[in-house]
Amino acid sequence: IVLSMGTVNATLQADPPINPMPRPVKATTLHTWDFDGGKGSWLAENQCSLSADNGLLHVQSTGDDPYLHSPVDLPGGQVLVQLRLRSQVDGPGQVFWTTNELPRRSEKQRADFSIPGDGQWHETQARFQAPGTLTDVRIDPGVKPGAIDIDWIRVVQEELHPLSISSVEQTDGAVRFLVTNHRNAPVALE
């Protein structure tokens, strides 16, 4: 609406287009270790020892660079490693990974997470982009000696939902949606 001295001049415009929501992230759990059956495929690699009982993986860190790892064969892409853990020692944690395209661990293949040292259960996560097939996951559970209990570890693949609403048009008594498929193949609706 534009106002001018003593008169009202109204400039009417068409309703702005409805701004569709961004594509939601679709999360798919690729693997979960719950330690009900022992350590699973996890191996102590440096300055730590592992044991499992009552559905928990117990990590005893003996130095300032403890780490454990598990070989995997999982799809890469946008990956999230989630952990439920408790520790008496706080500090930074790290996840390193390898893929068939990047077979050696490096600082470029690292994601950080936090470890509260209050002895309470916490869920934490590290997110990274892994090209190709994920072949190994390494967890560095802190930088000090101490005990860490892990309830579960999950590897989750995240991707944008393949469908998006590109536009919405309102007509007499109807609404029309334009849906875009961002894949090169049909998407089955569930």
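**Strand pairing, core and selected residues in a predicted all-strand model**

Strands S8 and S9, the latter spanning residues 110–115, pair in the antiparallel sense over six bridges. Within this pairing, glutamine 94 stands opposite aspartate 112 in S9. S8 is also joined to strand S10 (residues 122–140), again by six bridges, and these two strands run antiparallel. Two residue pairs illustrate the link between S8 and S10: tryptophan 97 stands opposite valine 137 in S10, and threonine 98 has aspartate 136 in S10 as its bridge partner. S8 covers residues 91–99, and because seven of its nine residues are buried, the strand is largely enclosed by the rest of the structure.

The structure described here is a predicted model. The average pLDDT of the protein chain is 89, and 89% of the residues score at least 70. Over residues 1–12, however, the pLDDT is below 50, and this stretch has six contacts in the model beyond near neighbours in sequence.

The protein chain contains 13 strands and zero helices. Its pattern along the sequence is accordingly β-β-β-β-β-β-β-β-β-β-β-β-β. Of the contacts with a separation of 6 or more, 70% are between residues 24 or more positions apart. The chain has 190 residues, of which 34% count as buried. About 11600 Å² of the protein chain is exposed, and carbon and sulfur atoms supply 51% of this area.

Further pairings were found outside S8. S7 and S10 pair in the antiparallel sense over 15 bridges. In that pairing, alanine 130 in S10 is the bridge partner of glycine 77. S10 thus takes part in pairings with both S7 and S8. S5 and S6 are likewise antiparallel and are joined by six bridges, with alanine 52 standing opposite leucine 57 in S6. S5 and S6 form a hairpin, with two residues between the strands. In the turn of this hairpin, asparagine 54 has a positive phi of about 50 degrees.

The largest nonpolar core comprises 29 residues. Those that touch the most other members are Trp42, Val81, Phe128, Leu134, Ile139, Ile150 and Ile153. Two or more residues are given to this core by each of strand S5 (48–53), S6, strand S7 (67–87), S8, S9, S10 and strand S11 (146–160). S7 provides the largest share, with seven residues. For isoleucine 150, contacts other than those with neighbours within four places in sequence involve Phe35, Gly55, Leu56, Leu57, Val59, Leu83, Arg84, Leu85 and Trp121. One of these contacts, Leu57, is the residue that alanine 52 faces in the pairing of S5 with S6.

Serine 61 was examined as an individual position in S6, a strand made up of residues 56–61. The relative accessible area of serine 61 is 2%, so this residue is buried. Two backbone oxygens lie beside polar atoms of its side chain: that of lysine 144 at 2.9 Å and that of glycine 63 at 3.0 Å. Lysine 144 also appears among the contacts of serine 61 that remain when neighbours within four places in sequence are left aside, together with Gln47, Cys48, Pro66, Pro145, Gly146 and Ile148.

Proline 116 gives a contrasting case. This residue is placed in the loop between S9 and S10. Its relative accessible area is 28%, and proline 116 is therefore partly exposed, whereas serine 61 is buried. Leaving aside neighbours within four places in sequence, proline 116 is in contact with Ser87, Asp90 and His122. The C-alpha atoms of proline 116 and glycine 91 are 6.8 Å apart in space, although the two residues are 25 residues apart in sequence.

Technical notes: Residues are numbered from 1 along each chain as its sequence is written. This is a predicted model: local features need pLDDT of at least 70, side-chain atom pairs count only at pLDDT 80 or more; totals for chains, interfaces and linings use all residues. Side-chain values use heavy atoms; hydrogens and water are left out. Helices (H or I, at least four residues) and strands (E, at least two) are DSSP runs, numbered from the N terminus. Buried means under 20% relative accessible area, exposed over 50%, partly exposed in between (1.4 Å probe, protein chains only). A polar contact is a pair of N or O atoms within 3.5 Å; within protein, one must be able to donate a hydrogen and the other to accept it, and residues adjacent in sequence count only if both atoms are side-chain atoms. Contact means heavy atoms within 4.5 Å. pLDDT is the predictor's confidence in each residue, from 0 to 100. Two strands pair if DSSP finds at least two bridges between them. Accessible areas come from the Shrake-Rupley method with a 1.4 Å probe; for residues, only the protein chains shown count as cover. A nonpolar core is a set of buried Ala, Val, Leu, Ile, Met, Phe, Trp, Tyr and Cys residues joined through side-chain atoms within 4.5 Å.
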